[in-house]
Amino acid sequence: MGGKHLKVTPWALWTILSFFLYGDLHGQDVQAPTLRECCQYGMDRALEGHDCTILPLISIAISHTCRIAQEQCCAAAAGDQLCDKGMQIAKEQGACEWPFFSGGFWETKISKMCCDCCVLGLMIASQASSCELQGLSLERQCTHTAKSCCGINSTEEPKQTVTAKPEASFTTKPPEGSNGCRDSNCSQLCVGNGTCACLDGYQLQNDGVSCVDSNECLTGNHNCVSGQVCINTEGSFRCQRETSCGTGYELRNDNDCHDIDECALGSHNCGPDFVCNNTAGSFRCYPKESCPIGYIQDAVGNCNDFNECVAYVSPCLPGETCINTEGFYTCRRNKIPCGRGYHLIEDGTRCEDVDECHTGNVCGVHDCVNLVGTYRCECRNGFIFNSISKLCEDINECRHYPAQLCAHKCENTEGSYKCSCTTGFKLTPDGRSCEDVNECEANPCSQECANVYGSYQCYCRRGYQLSDIDGIACEDIDECALPTGGHVCSYRCSNAPGSFYCTCPPTGYTLAHNGRTCQDIDECSTGIHTCSVSESCFNIQGGFRCLLFACPQNFRQAAQGRCERVTCEFTRDPASCFLLPLRISFYNISFPTNTPVPAVVFRMGPSNSVLGDKMLLNIVSGDEEEYFVVQQHAHGGEISLRRTLTLPRDFFLTVEMRLIRYGTAHLYMAKIAVFITNEQPIRPSRTFPY
């Protein structure tokens, strides 16, 4: 059959029915297929892709029970295929999304259910050593699928089947000098030389001595068929039927389905004129007496007339017509045949024209004109007469005259037509032309509207943008979130409806006139600092520092930020005085964080007026973490920041400067305050004369 549908003619159907009834009446049953054959047939059709609800018959002798077996086995096989597909996707993809599946809703639902349950089993296998699904109340098919996937991927030891003999494991042997199995501590069997083995249904543990039960239901080493549930037992397993036996069968203690003998139990519905005969899964009623000639008995024992004119090919002679009668038939001689449009007169001698216009309403609402052997309809406007069908058919004006009737769209009607316009236009009073509709009059836009030919366009005010969802609503533009938003404000950008505004740090800065740039507040020049009279105010980015320039002992202030050594002859300790530097200079420098390195902090060179001078620099204190480096040059040197700083910090460096002139060394000292602040990079570079 292979998926093709067999076309059965009425005559062939009657012949098959007659043969089937004839066999019943004469006690000759056609050999009915067994339930196993019916089930196998249904499974084969499922593998070929048949619809399980419209399976073709195996034979005309098929019973209702066989039909049930066909359909259920077909559905089970088809479901197993869909379930296997879902389990395969779960193992390969690790996810069960709807686009992964194909087919109808029913097929996709089964595959996704098995995929989800398999993913659940795989997850349990990765988190636990047991696949018993403790605490989970799942549907039976989902539980079976989850345990199957869990058993395949669990970390449990692979178990042996009940049908295979376990091979002896030589992992444990008795010590030398002992007597083999007599001294063995095997839990079940010893196969010689102290080697342990297990009985069927058990497997040997890694210690080579202990035997544990092999769960055949998880390892798949059972012989339970479709429709049965595998239940593990100690050393073995058993198969328990999952579905009912079906009509005509009963499940007994041996877990098998047995036929119910309706005839012996008296549960049949055969009438008093019939004899009950039990069959597999059902029964048959055979009549005790047959009907007379010319009649046929139906399924409930009634005798109905047998139509010989239909059952036989030609019961009458040529030129005669068979007429069925009650219990028999008669043959009547054929009369003179008349052609279409003519009929036989009463005496049956000749044919005459039929006036179709008076025999019925053949033309409907249209006028009718009789012709010899035929007729013609005079159709109204908008219709045309079809000489083949003899009917007035509507003329599709829109198809015959598309460009001459309507400006936009033409719709045919019964006997006429009507015009319509596309979206954005309306029909004019002439019923044919179309004119533009000004949609903006209905205020469809949230802000601004512009009418265009056949449509309209919405616009938004500055600071807003048109919605991508409906093209009508105007949404606020978050200027701060745009790709260029980081350059809108120098410090921080805050969005506002239709606009934005910039802000600066709470202290040390003020917003410039352009409304975007933050300017440093010079607290020292504006006088808003908190330095005392004896301190000097030094402005930095975002703040200020109060510095105290005090000359040490044996020094006097020569100018702002400079101390000079006094005359040593008038001191108490002239020898120690001559070891002090000639001059101490104070410098203040500010750097932003994340300044590219190396960054020059201090540079000192000899005077150009004296040739041969040489200057040596050395950081005495303030750089214990070595953030700075001294670089000597031919006639001078410089101090640079060599490590990038990401956080604000203050450094106070003490630098010795030795001037070698005419072979004599002169000592100078610089006190350098380096302030690292959070602001835009400002690269300082200064050269100080000595």
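**Exercise 1. In β42, which residue is the bridge partner of I619?**

Keep in mind that you're looking at a predicted model. Start with the strand pair: β39 (614-621) runs antiparallel to β42 (residues 649-661), and 7 bridges join the two. Now go to I619 and look across to β42: the partner is V655.

**Exercise 2. Work out the order of the strands in the open sheet that holds β39 and β42, and find its edges.**

Step one: line the strands up. There are 6 of them, in the order β35-β36-β37-β43-β42-β39. The pairing is mixed. As background, strands of a sheet pair through backbone hydrogen bonds, either parallel or antiparallel.

Step two: look for the edges. β35 (555-559) and β39 each have a single partner strand, so one side of each has no neighbour in the sheet.

Step three: check the twist. From one strand to the next, it averages 30°.

**Exercise 3. Describe the link between C118 and C149, and say which parts of the chain it ties together.**

First, the distance. The two sulfurs sit 2.0 Å apart, and the cut-off for a disulfide is within 2.5 Å, so this pair counts as one. By that rule, the whole model has 31 disulfides.

Next, the handedness. The angle about the S-S bond is -105°, and the link is left-handed.

Then find the two ends. C118 is in helix α4 (residues 105-127) and C149 is in helix α5 (residues 140-153), so the disulfide ties together parts 31 residues apart in sequence. Both cysteines are buried.

**Exercise 4. Do the same for C504 and C518: what is the handedness, and are the cysteines buried or exposed?**

The sulfur atoms of C504 and C518 are 2.0 Å apart, and they form a disulfide. The torsion about the S-S bond is about -105°, so this one is left-handed.

For burial, you need the cut-off: buried means under 20% relative accessible area. C504 comes in at 18%, so it counts as buried. C518, at 12%, is buried too.

**Exercise 5. How far apart are the sulfur atoms of C568 and C577, and what is the handedness of their disulfide?**

Start with the sulfurs: C568 and C577 form a disulfide with a separation of 2.2 Å. The torsion about their S-S bond is about -70°, so the disulfide is left-handed.

To finish, check the surroundings. C568 has a relative accessible area of 2% and is buried. C577 is buried as well, with 1%.

How values were computed:
Residues numbered from 1 in each chain as written. Predicted model: local features only at pLDDT ≥ 70, side-chain atom pairs only at ≥ 80, totals over all residues. Heavy atoms only, no water. Helix = DSSP H or I, 4+ residues; strand = E, 2+ residues; numbered from the N terminus. Buried < 20%, exposed > 50% of the residue type's maximum accessible area, 1.4 Å probe, protein only. Pairing = 2+ DSSP bridges. Axes fitted to C-alpha atoms, helices over the stretch in contact; angles between N-to-C directions.
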